[in-house]
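Trainee: Please give me a close look at one pocket of this model, and end with a sheet for context.

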Amino acid sequence: MNRYSILWADDEIELLKPHILFLTSKGYNITPVNSGADALDKITKEKFDVVFMDEHMPGMSGLETLSKIKNIRPNLPVVMITKSEEEHIMEEAIGSKIADYLIKPINPNQILLSLKKILDNKKLIEDKTNTAYRQEFMNISASFADALSHQDWAELYKKLVYWELEIEDTQNKSMVEILSLQKAEANANFSKFIMREYESWLNTPNTDRPVMSHQLMKKKVFPLVEQEKVCFLILIDNLRYDQWKILEPILSEYFYVNEESTYYSILPTTTAYARNAIFAGLMPDEIITKYPQWWIDEEQEESKNNYENELLNELWKRHKIEGKISYHKIRNQENGKNLASSIHNLYNNKLNVIVYNFVDMLSHARTDMAMIRELAPDESAYRSLTRSWFLHSTLFDILKKISENPNAKLIITTDHGTIRVKNPLKIIGDKSVNTNLRYKSGKNLTYDTKNVYVCKKPERLRLPQKNISTSYVFCIEDNFFAYPNNFNYYVNYFKDTFQHGGISLEEIIVPYVVMSSKQRLN
């Protein structure tokens, strides 16, 4: 048994002998001292796992001793024990990063609980998490045999993300591989679900279907806008649900979460299709028909999203909502700083849409830059990188500014997610075929029909049809397309990168969150 060493400083240490005997019987080594000076002397000469410190000691007080201990051993946990319930003492102790705060009289079980929280916390959490996930594992696996609805799939995906984040926080991460296999199984079943149901969602009246990209503004955003004085819609390109859950604790200091839900991205799960559908309130084939001047074909080099503002304003007019609307696209740090400094100028608008492209750039940078790939080799590191970026981003500055207005409602969403691709699939096409790794569109495509979703009638998926023989082929699960010539190069370069455009839980089921400021109305 690992015997932890505890230093206990109290000028009445003799009176604590029963407590010391109790902890000794539980396997702890206790070193008692009578003063702060003696505690400091011991700490400089010996190693301890925890210090118990009485606040009221003659000579050097507990708080003074605490300050000196932190200078010598900044990471040594210190538990402050005091008879006083004075608020300023508590605040000073907490501000000095104590590990726990106990008020006399104390009993042995209080001390034991404090030690377990400090020393065994990670192990206890890991044991509890692993046990709970093992129980949940059976329920999730059994659910794959059921006829799951789109709502069921959204809830199941949220559940998998929950366990992914919980297991990520455990010390040994012993359940990571099992969860990874279960996610792969979930994606295999979800892909079958999409291939079976997606076409009917678009073509069969009165079918039970999720809110999709082209319905997002009408069904979720505009009803909220009509109720509120001012709304901000922040669309963060490529934001997966798990990335949102990483950002949520940061934003919870400034906002209340009023609604956390999801919607389904259309296919292909790319910015060109999904985001244009959001801002037009139309499917791609309808955009081409109604606004041909604002649709950029695959083979054109021009950015596919240059006309979001125009599409959005047309949608706003069609819905005849009273009030002004604004649109801003943040492409770089300077754009973000300028907008953050002028947020107050937007408070008289009914809706302010802000598109923030960083997460999309991060996923592409991870593909292109070896250093970023080293920093984010897997989903856990990718989330960590997202969090680190956000904390130092102009987006965070913008959101903090928005939180200062108690009348503002904040909506955070995205157009699609990404998936880490692992398995290459060979495909052959001519020069006109698009470059996306998760879907291909064009004529005379040659491929193995396994592990793909084939659409030979694009009009059934409400997609553009360049000519009569145009077809679309989508990767499912964690596959990606590679050309036979230079096949090994493609595989080595793109394997384990984050891509989008295909069918997976991560790409299709994306977050939609409504928040309100924690600032109080006067």
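**The second largest pocket**

Mentor: The lining of the second largest pocket holds 13 charged residues (Asp, Glu, Lys, Arg), six nonpolar (Ala, Val, Leu, Ile, Met, Phe, Trp, Tyr, Cys, Pro) and three polar (the others, Gly among them). The model is predicted: local features need pLDDT of at least 70 and side-chain atom pairs 80 or more, while totals for chains, interfaces and linings use all residues. Residues are numbered from 1 along each chain as its sequence is written, and side-chain values use heavy atoms, without hydrogens or water.

In total, 22 residues line this pocket (an open set of 1 Å grid points where a 1.4 Å probe fits, with protein on both sides within 12 Å along at least five of seven lines; lining residues have an atom within 4 Å of a point). Nearest its centre lie Glu164, Ser180, Lys183, Glu379 and Arg420. Its volume (the space filled by probe spheres set on the points) is about 540 Å³. Two or more lining residues come from each of helix H7 (150-168), helix H8 (176-203), helix H17 (379-391) and strand S11 (419-420) (DSSP runs: helices H or I of at least four residues, strands E of at least two). H8 gives the largest share, eight residues.

Now the sheet. Five strands form an open sheet in the order S2-S1-S3-S4-S5, with parallel pairing (at least two DSSP bridges between two strands). S2 (29-33) and S5 (100-103) are its edges; each has a single partner strand, so one side of each lacks a neighbour in the sheet. Four bridges join S3 (residues 50-54) to S4 (residues 78-82) in the parallel sense, and Val51 has Val78 in S4 as its bridge partner.
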